[in-house]
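Trainee: Please take me closely through one part of this model, the aromatic side chains that pair with one another. I would like a single connected account, with the cut-offs behind each term.

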Amino acid sequence: KAFAGPMPRPEEYTDFFQAAESLGFHSLWTTERIIHDINILDAFTALTWASVVTSEIKLGSAVALALIRHPLVLARIVSSLDYVSDSRFMLGLSLGGHSDELEAMGVDVRQRRRRLEETVSLLRLLWDHPDVSFQGRHYPVANATVAPRPAGGHLPILMGGSADPVLRRVVAMADGWLASSSVTTDQLLERCDTLHSFAREAGR
């Protein structure tokens with residue numbers, strides 16, 4: 001949650017998380033920014049906090065920036081959050097982010113798609129198996145184990161965005177799609193139709 005005014009006190013965050021659960025909301029979601037001028041907590045810190053002070057509401061990232069962490073680090077963070085939340089966490093990823101953020105993190109924007117492909121492949125391997133070796137161009141890994149692994153095996157990976165190339169990427173790499181909160185109902189229906197069409201083309 002981002003606030004335009006002064007940063008809320010910690011107890012106000014706790015009240016917010018618990019109120020959402022008591023009111024019957026399905027889920028709490030965070031976004032992620034690195035360079036910004038708004039009051040926004042680190043996404044995974046906020047979700048871990050929410051997981052401790054709630055017991056049933058689902059938790060998700062919409063979306064985490066996939067390329068600012070090594071996949072080993074991301075796999076470890078996510079599997080730990082899955083554990084402390086009792087398997088309530090949903091991972092939404094994006095290869096996006098503002099260009100100044102990616103440049104500040106040393107990410108070549110021309111390599112984003114390939115890095116995302118390797119990240120998704122490596123996350124799934126690390127969550128499903130011990131002693132993982134992976135011959136990636138950007139992320140070579142030898143004999144790596146992440147523990148604890150998610151209780152249900154690899155977590156579903158969701159991806160956000162609405163342009164046609166993004167929807168094709170969702171079909172190729174992801175387990176689900178996160179629509180933008182700013183789209184209209186008509187736009188959402190049209191994008192869903194397009195996504196289903198791309199999925200049929202790909203045999204999914």
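**The aromatic cluster**

Mentor: Phe 17 has a relative accessible area of 7% and therefore counts as buried, where buried means under 20% relative accessible area, exposed means over 50%, and partly exposed covers what lies in between, all with a 1.4 Å probe and protein chains only. The structure is a predicted model, in which local features need pLDDT of at least 70 and side-chain atom pairs count only at pLDDT 80 or more, whereas totals for chains, interfaces and linings use all residues. Residues are numbered from 1 along each chain as its sequence is written, and side-chain values rest on heavy atoms, with hydrogens and water left out.

Phe 17 shares helix H1 (residues 10–22) with Tyr 13, the two being four residues apart, about one turn of the helix; helices here are DSSP runs of H or I with at least four residues, strands are runs of E with at least two, and both are numbered from the N terminus. Tyr 13 is also buried, because its relative accessibility is 5%.

The rings of Tyr 13 and Trp 49 have centres 5.3 Å apart and planes at 45°, so this pair is tilted. The rule behind that word is that rings of Phe, Tyr and Trp (its six-membered ring) pair if their centres lie within 6.5 Å, with planes under 30 degrees apart called stacked, those over 60 edge-to-face, and the rest tilted. Since Tyr 13 belongs to helix H1 and Trp 49 to helix H2 (residues 43–53), the pair ties together parts that are 36 residues apart in sequence. Trp 49 itself counts as partly exposed, because its relative accessibility is 25%.

By the ring rule, the count comes to five aromatic pairs. One of them joins Tyr 13 to Phe 17, and it is tilted, with 6.2 Å from centre to centre and 40° between the planes. Taken as a group, Tyr 13, Phe 16, Phe 17 and Trp 49 are linked by ring pairs into a cluster.

A further aromatic ring has a charged partner: Arg 168 lies over the face of Phe 198, at 3.8 Å from the ring centre. For that description, NZ of Lys or CZ of Arg has to be within 6 Å of the ring centre and within 35 degrees of the ring normal.
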